[in-house]
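Q: Please take a close look at the surface of this model, with its patches and its pockets. The reader is new to such terms, so a short meaning for each would be welcome.

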Amino acid sequence: MSNMKKAGIYHGILFMALFACAAFFIGQAQFLRDISFSPLIIGIILGMVYANSLRSHLPETWTPGIQYCSKRVLRLGIILYGFRLTFQDVAAVGLAGITVDLVIVAVTILGGVWIGRLLKMDRDIALLTSIGSGICGAAAVLGAEATLSTKPYKTAVAVATVVIFGTIAMFLYPMAYRSGMLGLDQTQMGIFAGSTLHEVAHAVGAGNAMGDDIAGISIIVKMIRVMLLVPVLLILGWWVASKAKSQSVAGGRRKVAVPWFAFGFLAVIGFNSLGLLPGPVVTWINEFDTFLLTMAMAALGAETSFEKFKKAGAKPFVLAFCLFIWLMAGGYIMAKYLVPVFS
C-alpha cells in the first residue's frame, strides 16, 4: 500500500472521529439527554447531513478510511459492547425474563421477515429492521450489517425506523404505567419494558421514568436481549454462507462471511463476568466503545443520500410500525399472563 493511500485512509478515519466528537458534544444538550438520544443516533444523522450537502467536496482518497470505519471499527465496537453485560445479569432476572426475551426476539425477527415478504420489500432492509426491532436497536442493526455486508443506505433506513418507533414507545410506556391502565406490577412492567423497547437507551430512559426498581429489571432484561445478538448473528452467518455456497455452485464465487466478531463479543461478556477489571476501567471502555460505534454510524450516514431513502420507499416504516404494534401487544400479554406463572 502506498504512503499516499495510507494517508488517505488515516484522514478518512480522523474525519469520522471528528464527527463522533461532534456527536458527543451535541448529545450533551439537555433536551437530547431527556429523550435518551444517544451519540450513535446523532452520529448517523450528522453523517447523513454531510452526505447530502458537502460530500462531493471530500477527497476521494479519504473514502477508504470512511469505509474502514463502517466495517473494521464497527466490528471492534460490537466486540467491546460485551463489557456492558455479565452472565450474572442473566441469572438475576430469572426464567421469566429469559423466556419472554426468547419469544420476543424469535417472533419479531421471523415475523418481520415474513411481513417483509408480504410487502415485497427489499430483503436486507426487512431483515435489518426486524433484527433491530427484536434485539437492541442500532447496535443490532450494525452487527447484522457487518455480517450481511449490505449497502450503507439500507442500514441507515433500518436504524431510522428503530429510532422513531423506539422513541415513541419510550414516552408511551411511562404514561401508560402511571395511568394504571396496564395493571402490571413492578416486576411485570420491568420485564415488559426491557423485552420490548428497541434501544438500550430507550430501556434506560423509560425505566428511570417509572422508578429505580422497574429501571433495574428493565435494563437487565434488555441486556439479555443484547446477548441474544450472538446466536442471531451466528445463524445469520450460516445463512449467508449457505447462500454463498449455492451461488458458487451456480458458477459465481463469493467470499463466505463468518461473523467472528460475534465470538469475540461472547468472549468479552465471559471475561467481564469474572469481574477482573475495576469499575472505572469498565466504564472507560464502555465510553470508548460508544465512541467507536458513533464513528461507525457516522461513516454509514456519510454513505447515505436521501435519494436512497426515497428508493427504499415507505415499506420499511410500515414494517417497523407492524413490529411496534406486535412488541407492545405481545410483550404486554406475556408480561401480564406468562410472568406470574414463573413467580
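A: A patch joins residues with over 30% relative accessible area and no salt bridge (a side-chain nitrogen of Lys or Arg within 4 Å of a carboxyl oxygen of Asp or Glu), linking like charges within 9 Å or nonpolar side chains (Val, Leu, Ile, Met, Phe, Trp, Tyr) within 5 Å. The model is predicted: local features need pLDDT of at least 70 and side-chain atom pairs 80 or more, while totals for chains, interfaces and linings use all residues. Residues are numbered from 1 along each chain, and side-chain values use heavy atoms, without hydrogens or water.

One nonpolar surface patch consists of Ile 164, Ile 168, Phe 171, Leu 172 and Met 175. Together they have about 430 Å² of accessible area (Shrake-Rupley method, 1.4 Å probe, only the protein chains shown counting as cover). Leu 172 lies in helix 8, residues 152-179 (a DSSP run of H or I, at least four residues, numbered from the N terminus).

The largest pocket has a volume of about 720 Å³. Among its 24 lining residues, Ser 38, Pro 39, Arg 84, Ala 201 and Thr 290 are the closest to the centre. A pocket is an open set of points on a 1 Å grid where a 1.4 Å probe fits, with protein on both sides within 12 Å along at least five of seven lines; lining residues have an atom within 4 Å of a point. Its volume is the space filled by probe spheres on points joined across faces, edges and corners. Helix 10 supplies the largest share of the lining of the largest pocket, five residues. Helix 1 (3-27) and helix 14 (279-302) are among those that each supply at least two.

The second largest pocket holds about 560 Å³. Helix 5 gives the most to the lining of the second largest pocket, eight residues.
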